[in-house]
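The following exercises concern the packing of helices in a structure. Please work through each solution with the structure in view.

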Amino acid sequence: MPTSQPTHRDLTRQTLGGLVWIGGGKVVYAGLRLLVLAIMARLLSPADFGIVGAALVVVGFSAIFSQLGLAPAIVQRPVLERRHLEAAFSASVLLGLLLGVLLWVSAPFAARFFHIAGVEPVLRVLAWIFPLDGLSAIAESQVQRELRFRWLATMEVLTFVLGYGVVGVVLALLGAGVWALVTAQMAQTALYTIILVVTRPPALRLLPDRAALGELMYYGGGFTASKIANYFALQVDNLVVGRWLGAAALGFYGRAYELMAGPPHLLGDAVDRVLFPAMASIQTDTRRLADAYRRGVALMGLIMLPASLVLFIVAPELILAMLGPRWTAVVTPFQILALGMFLRTSYRISDVTARATAAVYHRAWRQLVYALCVLTGALVGKAWGIDGVAAGVVGALAVNFFLMADLGLRLTRLPWRSFWDAHTPALALAAAAGLLAGGATVALRALGAPSLELLFATLAVTVGGMVLVVWSAPSLFLGPDGRWFVAALRAFLQQPQVTLAGAAAAPVNGTMPLVTRLAEALRIHGIRYCQWKGHLKRQRWGAGDGDIDLLVDRADEQRFTAVLHELDFKLADSWYGRHIPDQLHFFGFDPDTGKLLHLHVYYRLVVGRPWVTTYVLPIEQPLLDSAVQNGVFQTPAAELELVLLVLRTVARFSLRDALVPGLPRWLRDVQPELAQLEGQSDRNRLRELLDRHLPWIDGSCFEACLQALRPGFPAWRRALVKHALHRRLRPQARRAPLALRLVTLGGRIRTLGGVLASPPSHKYIAGGGKIVALAGGDGAGKTTCATALHAWLSKDFATMRAHLGRPPKTLATLAVSAAIRVAGRFKWLGTSTLEQYLELLYHLATARDRYRLYRKVRRFTANQGLAICERYPVPENHQFVGPRIEELVASVPYPRVAALLARVERSYYDRIGPDSLLVVLRVDPETAVRRKTTEPADYVRSRAQTVWETDWSQTRARVVDANRPLPDVVADLKRIIWTTL
């Protein structure tokens, strides 16, 4: 089932809410981590930490390849479908297993590289992290995509407490040494994986959609490239220290770096998780993006510049209090690294901006430069020990800070002056904090205060003094951005509720406006009907997430159909529906929420599974006679509804339900409704209704069916109860046709009984298949809109996507492409003519590929399917997708041969028939350039200019202004498509 990432109507409030939860959780996590570190530092030796640190260098680097950017791609996608989840999970699991095996095999080589023998067994145990992460990575990205920051923070803290705080500390007390750290890490990872997999069961499929995987990998490839470089930058200093300075030096340096990295990681991770989806939702609005970027940079400066200076001052006492007297060698490298805390944190704003605007490849080469700078600084600095390495790393951080700032300013179109102005209040606040902390520390040291008391006293004086100076001169010490943040935070705390929005508005009282309009229209026209089942699940169907089952009097069929026509409902058909008498499917579009409403209409009451056996129950009139207004719709008497619930639930029992122990999930979901209807029913009236309308089912049979639904009833006896019920209802039974049973069997074999995937949609618009063609220049949002529309329609209808600009390449196209590459390497042999004709052949092969894809689309729509097509060839966009050879005939030798190829190419395009609906996404060329950062600006501008200057009023195309935010554009497209179907 498709899911879409929500956009935020009140972005400020949503962002602040996320920062509060993630930030608060990280504070708790960091506090617990420091506590556990302090305990284990007294129980374990620096060499133990060094061995695990060396192993984690290898594990952490390998982890980059365990997902290939699939998890962040899941978070980033505007619209997420089940096929994306299936493809991502399959790839993540396979890569996790592969990397686990490779790490196990390569453990001896890693140990020899570090010259640390203890690394090999540790690395082989930690290799199991990858299969575990492969199982949980996509589930974690789903939770993050849903903005469940509170849940994520809680689970991280819980698993750390159980893994390190319980397992790790206990083993350290028992003298396990290095294995206390290893077991703690594995326990935390295993617990986190179990919780995520249980919370978000994986979407499985034996053969994942390759197109879906490709869509995720386009973004994930750039993300992975930059992450590799970034990870190398973060770990290469550890590699240098471990390789040339030894395990003890790595233990000291690792503790210094970990203490320095704690605050940046705490704040940076919160910023990354919250601002990434928030900034992605406004990536096309340059002004708002620039405001968010500037405010983020200013906020980072206000927090981290004072913190860096204070930690530099109190470093000796902090190390002594935290790690004990054995770790005094950590003080100097920690002080040096503390000066780089601001640099390491502030660049995250530019990093998030780059990923939110899909500038991942621009980010990648900057991260590579950063990694090379860290390597150079560490190699040069090792001559002065770990102090020199720390100084080299700070220099590399400064280079990365300016490189990423340059990228962030380019993406937001801000000048450098604005960037420096955002830091001015932070420098003033840092100076005040330094004076306060320095004065307090000097005085307390002179008095001989213990380390812990000095730390608390200095912190109290510094924080109290900063509050006073900020209160006395907020303009100087906070600046406009800091004051804005304080005001926004105060408003959030006063009214903490968060309003979410996408293109959809919140249903009134939990019910879509279209549902309310339908119920009112039925009442006004006096239609005799009832909602014969499911009315107790109003929260579900009222929001458009389930179908509404209505039983309608046959005498009112014409008037009922007229009401649906007035509300623009469309008749749909299904493979199952063709074999069920007097059942129809209607779908309506609610413009207020952007959702489709599924109406399941019965003129004759039929229960049971259509692909096995159905039962026609002649009790329509009693149901309609007993109907009374109950909430939104009319509903029948509770006794009749209870009878129908029991009969259709018992009829659903299968052999699998009898063999699997425990209560099936679908039967557990029925229990609340069953209990409520039992409480509303009168048993005497129930028996009277059975005797009068269903004489085949006596009281004892009904009671047996009712008992079979209860928890604790033996599963094998449920099969016997179903068989007994079937015997009594045999005169009303209708066996499914053989063709339907064979189709259903084939689907169950492919999905292992529905375990590996949900069954595909079998509904089709009764008006016939349609080809919806999206046209527009680069940066207009065609792919994003096509994804959103496919997710919207494929939930209920047989829908396919096709990109005729990039059709699947056949063997002939691949062969010509390979020949072009080979010929290009031998230009000096005089093969330019060959290259020219290979180019013509490539255009011809591409035309053939497009025609083959068109035939696939046409066959699909001939079977009443809906096709969403990008770059569909129409005369107005032949510059993008159309004949090319005829333009090159005069420029190549042997023009007669070229003219023949041009005629063949033209014949392919001539055989591509017209579309059903052409929608043009028209975007301003400059806006297109800002959006499409992966292509040269002049190239994007020229293609957008072509569409912008075309007079579409003389064509049948529907033009949509694509300069607006994505939700507005998608909402317009939905309205246009629905009126055309």
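**Exercise 1: an oblique pair**

H12 and H18 cross in a left-handed manner (the near helix is turned anticlockwise from the far one by less than a right angle; clockwise would be right-handed). The model is predicted, with local features needing pLDDT of at least 70 and side-chain atom pairs pLDDT 80 or more, whereas totals for chains, interfaces and linings use all residues. Residues are numbered from 1 along each chain as its sequence is written, and side-chain values use heavy atoms, without hydrogens and water.

Task: determine how the axes of H12 and H18 are arranged and which residues make the contact.

Step 1. The axes of H12 (residues 315-323) and H18 (residues 451-472) come within 9 Å and cross at roughly 125 degrees.

Step 2. The two helices are therefore oblique to each other (neither under 35, over 145, nor 65 to 115 degrees).

Step 3. Glu317, Leu318, Leu320 and Ala321 of H12 meet Ser451, Leu452, Leu454 and Leu455 of H18 (contact: heavy atoms within 4.5 Å).

Step 4. By class, this contact has 6 nonpolar, 1 polar and 1 charged residues (Ala, Val, Leu, Ile, Met, Phe, Trp, Tyr, Cys and Pro are nonpolar; Asp, Glu, Lys and Arg charged; the others polar).

**Exercise 2: a second pair**

Task: state the orientation and the handedness of H34 and H36.

Step 1. H34 (residues 832-862) and H36 (residues 895-910) pack at about 15 degrees, their axes 8 Å apart.

Step 2. H34 and H36 are therefore roughly parallel.

Step 3. Their crossing is left-handed.

Step 4. The contact of H34 with H36 comprises 13 nonpolar, 1 polar and 3 charged residues.

Definitions and conventions
Axes fitted to C-alpha atoms, helices over the stretch in contact; angles between N-to-C directions. Helix = DSSP H or I, 4+ residues; strand = E, 2+ residues; numbered from the N terminus.
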